[in-house]
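Reader: Please take me through one part of this model closely. I would like to start with the ligand and its surroundings, and then see how the rest fits around that.

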Amino acid sequence: MQDASTSPAPMLGIDLGTTNSLVAVWQDGRAQLIPNALGDVLTPSVVSLDEDGSILVGKAARSRLTTHPQRTAAAFKRFMGSEKKITLGDQVFSPEELSALVLGALKADAEAFLGCPISEAVISVPAYFSDEQRKRTSFAAELAGLKVQRLINEPTAAAMAYGLHEQKFERTLIFDLGGGTFDVTVLEYALPLIEVHASTGDNFLGGEDFTGALLQACLQHWQLKPATLAPQALASLADAIEQLKCKLGEGEQHLSWNGDGVSRHWSLDEARAQKIWAPLLARIRAPIEQALRDARLRASDLDSLVLVGGATRMPVIQQMVSTLFGRLPYRHLDPDTIVALGAATQAACKARDSAIEELILTDVCPYTLGIAAMDGEYQTEIFAPIIDRNTVIPTSRIKPFYSTHIEQTAISIRVYQGERPWVEDNIFVDSFKIPLTPNGKIQRLDVRFSYDINGLLEVDVTLPQTREQFSHVIDRSPTGLDEDARQASHERLAGLKIHPRDALPNRTLLARLERAWAQSLGAERDAIGDWLNEFSAILAGQESTEIAGARQRLIEALDDMRY
Ligand code: AMP
C-alpha cells in the first residue's frame, strides 16, 4: 500500500487484453505496473462463477477453465461489439459485462496499491477495433465505475512507452500480435512528436487462433470430434495444447492425454506446426503490406521494427517478421507489459504531469468511414467514403450528396466503415433519417463526419438551400443497447457478489490444486489430493501464519511439478 497523497487521484493506464490484462500508473516520474492480490502484474482476462455464486477474476478463474468450463469464460474480448451472450452456470453475461468484471478487479488492485479511490483511466484497444467495439469498451469501463479519459490504440500506447525509453528511432513499424487481435502501425518519432502514419490489422487473428488450429489438428490426428468430448475433457486438452504451443521453441514437444479415458499421444515440432499454421501465417502479410503502402514507405525505409503482444514470442512469428523485413526485430521492452505502460504514459500526458509534458502524439483513423449512396450513372448503391483510412485525427471532413428525386420527403443516412466498394460488404455503424421539404428541386445535403481522438464518430448534416442543420450525433451509447438494457447491465453487475480480494491468494491455490488434480494421474494425483485436503483443513483453522506458510509450500511444490 502506498501513501495516499493530497494530490488528486491518479488516472490509470489499462491494457484490457484478450488473454491477460494489466494496470499501470504514472508515479515518481515513470510508468509503473500495479500488482494484483497475488503479486502478479498480469491478470488473466478470465471470469468464473464460483459454486457459492461469487465472481472470481484472474488466475483462480483461469485454473477453473479446465475444472469448471461451463462456469468460466475466457477470450470474451473477441466478442466485444457483438450480441453474443456468454453463460456461466445459471447466469448470462454480455462480453462488455465480463470485461467490466475484469476492469473492476484491476480498479480494486489499483485502489489497494495506491490507497485511494480511482475513477478515471486511459484504456487501450486494438487499433483496428470498430466504432461499436470502442463504444462497448467505454461502456464496460462505465459499468466498472471508471470514466474513460481516452481510448488509446494498443500499438500507439506501445509507441509512447518506447518513445520515453528509446528516443533514437525514426520510422518504426509496430507489429502487435496479441491473444485475439493483430495490429500493424507505422509511425515516426521526431521527438517530442510521435506521428502515426498508418494503422491496419485483423480483429480476428491472434495467439488463440494458433492454439485453436493445433487443437483441431490434434483432434483430427486422434480422429476425435469436439462434440463427442465432455466439456472438461475438451478444456483440459485445450489447456495442454496451449502449454505445448508456448514450449515449441524449445524443440519437439510430446503430449500425453487421457481426458476421455483412453491414453493418447501426439508429437509436434516447429516444422509441422508451421504447416498447420500456414493459413494463419498467410493472413499476416496483407495488413503489413497495406500499412506500408498507406504510409508510402517500403520495408527497407524502416529504421526499426518493434514486436508487441504475447503471441510475438512464437519463434515462427519472429522468423517470419525477420524474413519479411530483412532485419531482426527490436524487443528490448517486455511485449506483455509495454501497452499498459504506454497507456499510463498517455494518462500522465492527459493529466498534464510535468515530467512528461513534452511528448505529443498524433494518431490516425485506421479504416475508411462513409455512407451508402446511389451511384448517379449506374443507379447502384455504393459505399461513398467521407474520411479515408489513415487520416490524421481528430479530423472533420465534409462531402456533398443529393436527393434522388424532387418529391423526396426524407433521406436516410446509413453510416458504414470498411474498404469495400459495395455497401453491404462493409461494417454498418449507424443510420438515421433527415426530413426534406419538397421544393420542386433536387436538394443538396452536406454531410460532415468528425472523428475524435478516441476513435468515436459524430455526423452533422446541413441542407444549404434551407440552411437547416441536423447535428445528429451518432449515438455514443452502444448501438442495440437502449437505456433500459444499459440500466439492466448496471443492476446485474451491482447485484453480483465479487469474491473478496484478500481471500484471492487462497482461492487461487485451491483452484490450481483442483486443476492439477484433474490433469495428473497415479502417485502424483494422490499427492495433490492429499494437499487439497490438507490446505482445506488449514483454511478452516483460520490461522493466518499457518495458512501463509502452507500456501507458499504448496505453490512451490506445484511449480516443481510444473502444474
Ligand atoms: P497478449 O494478449 O498480448 O497477452 O497475448 C496472449 C497470447 O500470447 C496468447 O495467445 C498466448 O498463447 C500467447 N503467448 C504468450 N506467451 C507465449 C509463448 N512463449 N509462446 C507462444 N505464444 C505465447
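Author: What follows starts at the ligand and then moves outward to the fold and some single residues.

This is a predicted model, where local features need pLDDT of at least 70, side-chain atom pairs count only at pLDDT 80 or more, and totals for chains, interfaces and linings use all residues. Residues are numbered from 1 along each chain as its sequence is written, and side-chain values use heavy atoms, with hydrogens and water left out.

Start with the shell. The ligand is surrounded by 14 residues. Here a residue is near a molecule if one of its heavy atoms lies within 4 Å of it. The closest are G179, E242, K245, G310 and A311. By type, the shell holds three nonpolar, seven polar and four charged residues. In this scheme Ala, Val, Leu, Ile, Met, Phe, Trp, Tyr, Cys and Pro are nonpolar; Asp, Glu, Lys and Arg are charged; the others, Gly among them, are polar.

Which helices take part? Helix 5 (207–221) and helix 6 (231–247) each give at least two residues to the shell. Helix 6 has the largest share, with three residues. Helices are DSSP runs of H or I with at least four residues, strands are runs of E with at least two, and both are numbered from the N terminus.

Now the polar contacts. Such a contact is a pair of N or O atoms within 3.5 Å; within protein, one must be able to donate a hydrogen and the other to accept it, and residues adjacent in sequence count only if both atoms are side-chain atoms. A ligand oxygen lies 2.5 Å from an N or O atom in the side chain of E242. For the side chain of K245, an oxygen of the ligand is 2.7 Å from an N or O atom. With A311 the partner is a polar backbone atom, 3.0 Å from a ligand oxygen. On its own the ligand has 500 Å² of accessible area, and the protein covers 83% of that. Such areas come from the Shrake-Rupley method with a 1.4 Å probe; for residues, only the protein chains shown count as cover.

Next, a residue in strand 15 (residues 253–257): L255. L255 counts as buried because its relative accessibility is 6%. Buried means under 20% relative accessible area, exposed means over 50%, and partly exposed is in between (1.4 Å probe, protein chains only). L255 touches C218, W222, L237, A240, I241, L244, R264, H265 and W266, leaving out residues up to four places away in sequence. A contact here means heavy atoms within 4.5 Å. Across the model, the C-alpha atoms of L255 and Y402 are separated by 64 Å, with their positions 147 residues apart along the chain.

Step back to the whole protein. Its secondary structure comes to 14 helices and 28 strands. The C-alpha trace spans about 90 × 55 × 50 Å along its principal axes. For 563 residues, a compact globule would have a radius of gyration near 24 Å, and the 26 Å of this protein agrees. That radius is taken over C-alpha atoms, and the globule rule is 2.2 Å times the number of residues to the power 0.38. Of the 563 residues, 53% count as buried. Among contacts between residues at least 6 apart in sequence, 66% join residues at least 24 apart.

Another buried residue is T137, in helix 3 (residues 131–143). Its relative accessible area is 2%. The T137 side chain reaches the backbone oxygen of Q133 at 2.7 Å. Not counting residues up to four places away in sequence, T137 touches L16, M80, I123, V125, F129 and L151.

Last, the backbone. Most residues other than glycine have a negative phi, and most peptide bonds are trans. The bond joining L191 and P192 is cis, with omega about 15°. P192 sits in the loop between strand 13 (182–190) and strand 14 (193–202). Another cis peptide bond runs from I393 to P394, with omega near 0°. P394 is in the loop between strand 21 (391–393) and strand 22 (395–402).

Two positive phi values also deserve a look. D28 is not a glycine, yet its phi is about 50°. D28 lies in the loop between strand 2 (20–27) and strand 3 (30–33), and is exposed at 70% relative accessible area. A75 is not a glycine either, and has a phi of about 55°. The loop of A75 runs between strand 7 (72–74) and strand 8 (86–88), and A75 counts as buried at 14% relative accessibility.
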